[in-house]
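Work through the exercises below with the sequence and the structure at hand, and try each task before reading its solution.

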Amino acid sequence: SFFRGTPIIGPCFLTLAAKTMWVLLLPSIQEALVVPSWIIMPVCFLFIGTAGICVYTSQFYFRPSEPFSRILLKVVSVAAVCALLAMPFVLRAFFAVPRHLLLLWSGLYVVISSMKCLECTLNLAPQAATSSFRNWMIFVQLANEPEFAPADPGSPKATYYKPLRAPPGTLRSLLKVLTVDLVGLIIAASIGEAYSFSPTPFHALNGIFQLVVLFLSVEIMLHEGDVIAVLLGLQPQPVMRNPLLRATSPRDLWGRRWNLAIHRLLHRLVFLPIRGTGHRTVVRDLLAAVASFGASGLLHEYIFLVAYGWDTPFGRSMTFFLLHGIVCVGQGLLEKTLPKGFVSAVHSLPQPVLTAITYAVLLPYVSLYTGAGSPSEPMFKEMHLWIPTVRWVSGGSWISFQVMQP
């Protein structure tokens, strides 16, 4: 009850404790604990918490009547976001921070927290998240958003919200998913290490293999925050809805199944402002969709720059997401122009057939994002830096296993 009732110390403490345990449990990065780089964990979340406090107080605690003062407070909020985005590069300059720690602790979480702070600055954040300081600090520090509900359901217009409590059994179910994902990722990464993440002679099958590794990696990183939310007594929102086996179209994949934590942020921060709330037009919808994918490309370019520095080729993530945005826009246009009977017939095909068609369209572009097989792309080449992988070593008449070290 102490952690649930304390707006800052509770989430910060549990976040830091969970991440410390995560590092301790990964044998492949224990070596990082003997150098000052471990300081990235408390510093990272100290920056996130400080930026969240600056943004919230400047937007909700100070309400000056002069336009200049209001603009000044907006500038303060934007400066806090910029400082948060610059923090990983400052840490890299002053500490011997390994690349994998930057990718895990800084890149993804700093981007998500910065987007939430920017939402608050532009008055685009959910009302539930900003209805109290405690809600805001929980919202800005967790990668995935918790569920909120009106504190007074009978009120015609809710002004204050409270987080929903996680039902019994949520933590157990979440840990089962994490265990399956982690075991699956260790197996897939071990196979990938032996074959440069292209274990078959067929490009399409290699793309599927790389996609599975990518899905398991992303789901593990996002579910880590969900464990923290459940420990705080919160109900996290879904982050993945079985995109590999249930997606029935490119729009279904990106809009309703894949990485919904980022999707919700881009929808509020990019898509809705461009599309507008008034009269909708096809041009506005198309521009909003392409801009959302372009923003996602920029976010991934930043994450890879933080994690791998200048070793990663620029522009490939942006190209990958823009191409997928064009595919989704093309699907929307075709559904509006083709006869409705034909569209309904396509949608009535068996779900496995639709899933196969979806990935047949999207898989040719996967290598743009993963870069597997490219000597200049470290995403898969350095997988063993943050996940234990098993190497089969022949020794006479027996085979032994060893965990690869960075």
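The exercises that follow concern a predicted model, and each is paired with a worked solution.

**Exercise 1. Helix 8 and helix 9**

Determine how the axes of helix 8 and helix 9 run relative to each other, and say which classes of residue make up their contact.

Solution. Begin with the two elements themselves: helix 8 covers residues 170-194 and helix 9 covers residues 203-231, and their axes come within 9 Å and cross at roughly 150°. Angles over 145 degrees count as roughly antiparallel, and therefore helix 8 is roughly antiparallel to helix 9. The next step is the hand of the crossing, which for helix 8 and helix 9 is left-handed. Finally, sort the residues in the contact of helix 8 with helix 9 by class, which gives 16 nonpolar, five polar and three charged residues.

**Exercise 2. The span and surroundings of helix 9**

Check whether the end-to-end distance of helix 9 agrees with its number of residues, then find how many of its residues are buried.

Solution. Helix 9 has 29 residues, and at 1.5 Å a residue these should span 42 Å; the expected span uses one less than the number of residues. The C-alpha atoms at the two ends of helix 9 are 42 Å apart, so the expected span and the model agree. Turning to the surroundings, 23 of the 29 residues of helix 9 are buried, and the helix is thus mostly covered. After helix 9 comes glycine 233, which has a positive phi, near 85°.

**Exercise 3. Rings around tryptophan 254**

Classify the ring pairs that tryptophan 254 makes with tryptophan 258 and with phenylalanine 320.

Solution. The structure holds nine aromatic pairs. In one of them, the ring centres of tryptophan 254 and tryptophan 258 are 6.3 Å apart and the ring planes stand at 65°, so this pair is edge-to-face. The cut-off needed here is that planes over 60 degrees apart count as edge-to-face. Tryptophan 254 and phenylalanine 320 have ring centres 6.4 Å apart and planes at 75°, so their pair is edge-to-face as well. This second pair links distant parts of the chain, since tryptophan 254 belongs to helix 11 (residues 250-256) and phenylalanine 320 to helix 14 (residues 316-337), 66 residues apart.

Now consider accessibility, for which the limit for a buried residue is under 20% relative accessible area. Tryptophan 254, at 15%, therefore counts as buried, and phenylalanine 320, at 6%, is buried too. Tryptophan 258 is likewise buried. As a last step, follow the ring pairs further, and they link Phe215, Trp254, Trp258, Phe293, Phe320 and Phe321 into a cluster.

**Exercise 4. Helix 13 and its two partners**

Describe how helix 13 packs with helix 12 and with helix 14, giving the angle and the hand of each crossing.

Solution. Take helix 12 (residues 260-275) as the starting point: helix 12 and helix 13 pack at an angle of about 150°, with their axes 8 Å apart. Helix 12 and helix 13 are therefore roughly antiparallel to each other, and their crossing is right-handed. Then move on to helix 14, whose axis and that of helix 13 (residues 282-308) come within 8 Å and cross at roughly 160°. Helix 13 and helix 14 are therefore roughly antiparallel to each other, and helix 13 passes helix 14 in a right-handed crossing.

**Exercise 5. Two asparagines with positive phi**

Where do asparagine 123 and asparagine 242 lie, and are they buried, partly exposed or exposed?

Solution. As background, most residues other than glycine have a negative phi. Asparagine 123, which is not a glycine, nevertheless has a positive phi of about 60°, and its place is the loop between helix 5 (99-121) and helix 6 (127-130). Its relative accessibility is 58%, and so asparagine 123 counts as exposed. Asparagine 242 also has a positive phi, near 45°, and it lies in the loop between helix 9 and helix 10 (243-246). With a relative accessible area of 36%, asparagine 242 is partly exposed.

**Exercise 6. Distant in sequence**

What separation in space do the C-alpha atoms of isoleucine 187 and valine 390 have?

Solution. Isoleucine 187 is found in helix 8 and is partly exposed, with a relative accessible area of 49%. Along the chain, isoleucine 187 and valine 390 are 203 residues apart, while their C-alpha atoms are separated by 7.7 Å.

Notes. Residues numbered from 1 in each chain as written. Predicted model: local features only at pLDDT ≥ 70, side-chain atom pairs only at ≥ 80, totals over all residues. Heavy atoms only, no water. Axes fitted to C-alpha atoms, helices over the stretch in contact; angles between N-to-C directions. Helix = DSSP H or I, 4+ residues; strand = E, 2+ residues; numbered from the N terminus. Parallel < 35°, antiparallel > 145°, perpendicular 65-115°, else oblique. Left-handed = near helix turned anticlockwise from the far one by under 90°. Nonpolar A, V, L, I, M, F, W, Y, C, P; charged D, E, K, R; others polar. Buried < 20%, exposed > 50% of the residue type's maximum accessible area, 1.4 Å probe, protein only. Phe/Tyr/Trp six-rings, centres within 6.5 Å; stacked < 30°, edge-to-face > 60°.
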